[in-house]
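Consider the following model and the way in which its parts are arranged, beginning with an open space at its surface and ending with the relation between its chains.

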Protein chains: 2
Amino acid sequence: MVELASTEVSSNPHIEDFSTNLFVYTNFLIFTLNPNTDTMGDIQAALADLKSGKPIFIYDADGREEETDIVFASGSVKHADIRFMRQNGGGLICTTVSDGVAEKIGLPFLVDVFKTAQAVHPVLRNSLPDTLPYDTKSAFSITINHRKCYTGITDIDRALTVAEFGNLVRDVDVGTCEYPLKSFTKAFRVPGHVFLLRTSKELLKDRNGHTELSTAMCLMAKLPPTATICEMMGNNGKALSKTDARKFAESQGFIFLEGHEVQEVWKTWSG
Amino acid sequence: MVELASTEVSSNPHIEDFSTNLFVYTNFLIFTLNPNTDTMGDIQAALADLKSGKPIFIYDADGREEETDIVFASGSVKHADIRFMRQNGGGLICTTVSDGVAEKIGLPFLVDVFKTAQAVHPVLRNSLPDTLPYDTKSAFSITINHRKCYTGITDIDRALTVAEFGNLVRDVDVGTCEYPLKSFTKAFRVPGHVFLLRTSKELLKDRNGHTELSTAMCLMAKLPPTATICEMMGNNGKALSKTDARKFAESQGFIFLEGHEVQEVWKTWSG
């Protein structure tokens, strides 16, 4: 169990730049909610699961995507976890990165890359997202493969890409990576088979997407700000219903959270 | 069963521009191989299956990716087919488009988009593919969602994107789409959840990838030059072995082909 119970109440002054030194902000005592509430108990258990390499399940919100994502901390992803996601999720397997770390490496939003290329490729002029039905912008960044991948798509290859990206994010986040951009291009090939998702700048203040919810959970677990996530699909052509996603998670002994529960604890944690 | 037996041997003079009017090249009598051979029988059955909306299975080659892809003709893809691919394949669900149609719409290789954006996004400078272990280039084009999608990732949404893209490719291919670029941007949003793959210029003369093999099968089936494909993964972290992929396909009553069989028939068909 991670140490979440707080003996001293404090907000975290580093939250505006939450991607900076992990060692700094883990020194702050962070939780004010009563750990006896159901929400706090579930969040505590979920953070412990993330730290030990287990998946957690996060449903965003009624009226938004209404999807549940399987979530792993990127650094601990093994090839069996990729298989777990594709067999029990079935959506895209994507890896998040906090805005701060993305900025240091130079990982752009894909939309910005496409805007830059509009002059040469007219197909990118009138096709970029302007009317997403549930949000104002897409979180997609570029796609990557680790250079030691063969095809890039096997579970072993995707796990290698994800875990090595997790290590890079950790090093950039704590400041032990001197040349983030150079380290990235040395380790990864673009385009690839793992989809990077870049969080919004102010994380859950800006956006309630799985990109932000899962990355916020990593931060609260004192893990590097990168999660690997996959949407759960149903057999009726639609996203798996919240009820069925919860049933599946609980039948496997895993924690199922809703976005508003993560938001609630995050607000306190981030001050 | 499609009419493949040939009474007049002829090469297809339009193959250098195989994406041009489908109605033109279907007038040519095309097969010289003896339809009694095993290969020809399998190819005939596979073309009939593609035309009737069933999947076929294509293994590329020993020493190449050594992967089997599930292949559907894009125009007939239903949401159950997307589920079939994610549950029995597990790789990325991608949609191919012939070089000729891609050129008319203006769909670039992703690598070329990234090259264009290098000046503004330095991360794209030293990360582009130069040392792919099994090929010289990546077939990835941009990712798309149909504008009527909600999240874009559900089986219903991906099937809508794929089938509508199939219709656009058909119209562009036969010349009934007056403004291919405008029709594309009106119907699709970028980036999305379906990965377009652009074939090499000379199709199987240039490259023996699943992008080319599956698109060549569509052409030989007299279908628009777009297939939707997904790699089959095993439970051991690697691609599903050729033996197990063949076993699965045959157990379901579907046709399993190897790249060299497609190549053999294609050489005759394309002259």
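In sorting residues by class, Ala, Val, Leu, Ile, Met, Phe, Trp, Tyr, Cys and Pro count as nonpolar, Asp, Glu, Lys and Arg as charged, and the others, Gly among them, as polar. On that basis, the lining of the largest pocket comprises five nonpolar, four polar and six charged residues. Of the 15 residues that line this pocket, those nearest its centre are Glu65(A), Glu66(A), Lys238(A), Ala239(A) and Thr154(B). The model is predicted, with local features requiring pLDDT of at least 70 and side-chain atom pairs pLDDT 80 or more, while totals for chains, interfaces and linings use all residues. Residues are numbered from 1 along each chain as its sequence is written, chains are lettered from A in the order in which they are written, and side-chain values use heavy atoms, without hydrogens and water.

Within chain A, residues His79(A), Ile82(A), Arg83(A) and Arg86(A) of helix α3(A) meet Asp155(A), Ile156(A), Arg158(A), Ala159(A) and Val162(A) of α6(A), where contact means heavy atoms within 4.5 Å. The residues of this contact divide into four nonpolar, one polar and four charged.

Turning to the two chains, a turn of 180 degrees with a shift of 0.0 Å along the axis lays chain A on chain B with an RMSD of 0.0 Å, the copies being superposed by least squares on the C-alpha atoms of residues with pLDDT of at least 70 in both. That is therefore the relation of a two-fold axis. The C-alpha of Ala117(A) is the one in chain A nearest the axis, 2.8 Å from it. Because 100% of the interface residues of chain A are also interface residues in chain B, the copies meet through the same surface.

Methods: Helices (H or I, at least four residues) and strands (E, at least two) are DSSP runs, numbered from the N terminus. On a 1 Å grid over the protein atoms alone, a cavity is a set of points where a 1.4 Å probe fits but cannot get out, and a pocket is an open set with protein on both sides within 12 Å along at least five of seven lines; lining residues have an atom within 4 Å of a point.
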